[in-house]
Amino acid sequence: MGFPSKPVLCLLFLVFFTSLTVTESATDYNSLVYKGCAKQALSDPTGVYSQALSALFGTLVSQSTKAKFFKTTSGSGQTTITGLFQCRGDLTNSDCYKCVSNLPELSDKLCGKTVAARVQLYGCYMLYEVAGFAQISGMEMLYKSCGSTNVAGAGFEEKRDTVLSMMENGVASSHGFYTTSYESLYALGQCEGDVGDADCGECVKNAAQRVQVECGSAISGQVYLHKCYVSFSYYPNGVPKRSSSSSSSSSSSSSSPSGTGQNTGKTVAIILGGAVGVGFLVICLLFARNLMKKHDDF
């Protein structure tokens, strides 16, 4: 009567293993993608800029409890500082707040006191700039990253282009944020919250074309322009289920292949986790079968 307990224990362990894998992936929202720091330090002998920046950060963090995008100013005249934050459109208000809460400290740690700074995490970003800071085009590429592994076999790039095209068509009609999947590929696109639908569509189209050229047959890719970004990832075992909505409103940096380490790492973790899980289940079932056979022999 007691022998079924071990197979049940095996299954419980497998469920626990799966739960751990899902829980760990949620922390990726707070992982650093890139930083963009102005070379010019902020001259602040009286501390007026520091006060304005502190007030700006406080406002942005507090607004992240109820909005996915917020833009405001702090200070006055020549000491005016403009800043904004944006979260991924599929984050909850709670996750958005947790993500944005990290950014003021990270900005100070990574950039110090400069006239402009931008810090991008996987789930959110924040930027600020003092009055008079030189403006750049919304199409300016700030960062790119391609997975270090290439996908073998014919047809991959065509499938990648298809999923990116689906994302392009969806992001403008969904007012700035869209995710989609096709043939084991997942794509995401998002525009800055104050960009109109038409301009958003053009920005995302530009970013998608760049990621196609820059990343080729890489397993994943990301391109961040000043006003939008796109990413894609290939999952050999199928795109994992995500709790996301398909629509929502929602610095210079050198390019590096290490930026998609999280995406590639997640893909590898899913493959290995799935293989280990299936293998462990098979062993448990064989163990149960042997126990049943011994039981029948008696």
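**Disulfide bonds in the predicted model**

Cys203 and Cys228 form a disulfide, with their sulfur atoms 2.1 Å apart. Cys203 belongs to helix α6 (residues 197–215) and Cys228 to strand β10 (residues 228–234), so this pair ties together parts that are 25 residues apart in sequence. The link of Cys203 and Cys228 is left-handed, with -95 degrees about the S-S bond. Both Cys203 and Cys228 are buried. These values, like the others reported here, come from a predicted model.

In total, the structure holds six disulfides. Counting bonded cysteines along the protein chain, the pairing follows the pattern 1-5, 2-3, 4-6, 7-11, 8-9, 10-12.

Another of these bonds joins Cys37 to Cys111, with an S to S distance of 1.9 Å. Here the link is left-handed, at -65 degrees about the S-S bond. Cys37 sits in strand β1 (residues 32–37), while Cys111 is found in helix α4 (residues 103–111), so the disulfide ties together parts that are 74 residues apart in sequence. Since buried means under 20% relative accessible area, Cys37 counts as buried at 18% relative accessibility. Cys111, at 13% relative accessibility, counts as buried too.

Turning to Cys191 and Cys200, a disulfide joins the two residues, with 2.1 Å from S to S. The link of Cys191 and Cys200 is right-handed, with 90 degrees about the S-S bond. Cys191 is buried, as is Cys200.

Notes: Residues numbered from 1 in each chain as written. Predicted model: local features only at pLDDT ≥ 70, side-chain atom pairs only at ≥ 80, totals over all residues. Heavy atoms only, no water. Disulfide = S-S within 2.5 Å. Helix = DSSP H or I, 4+ residues; strand = E, 2+ residues; numbered from the N terminus. Buried < 20%, exposed > 50% of the residue type's maximum accessible area, 1.4 Å probe, protein only.
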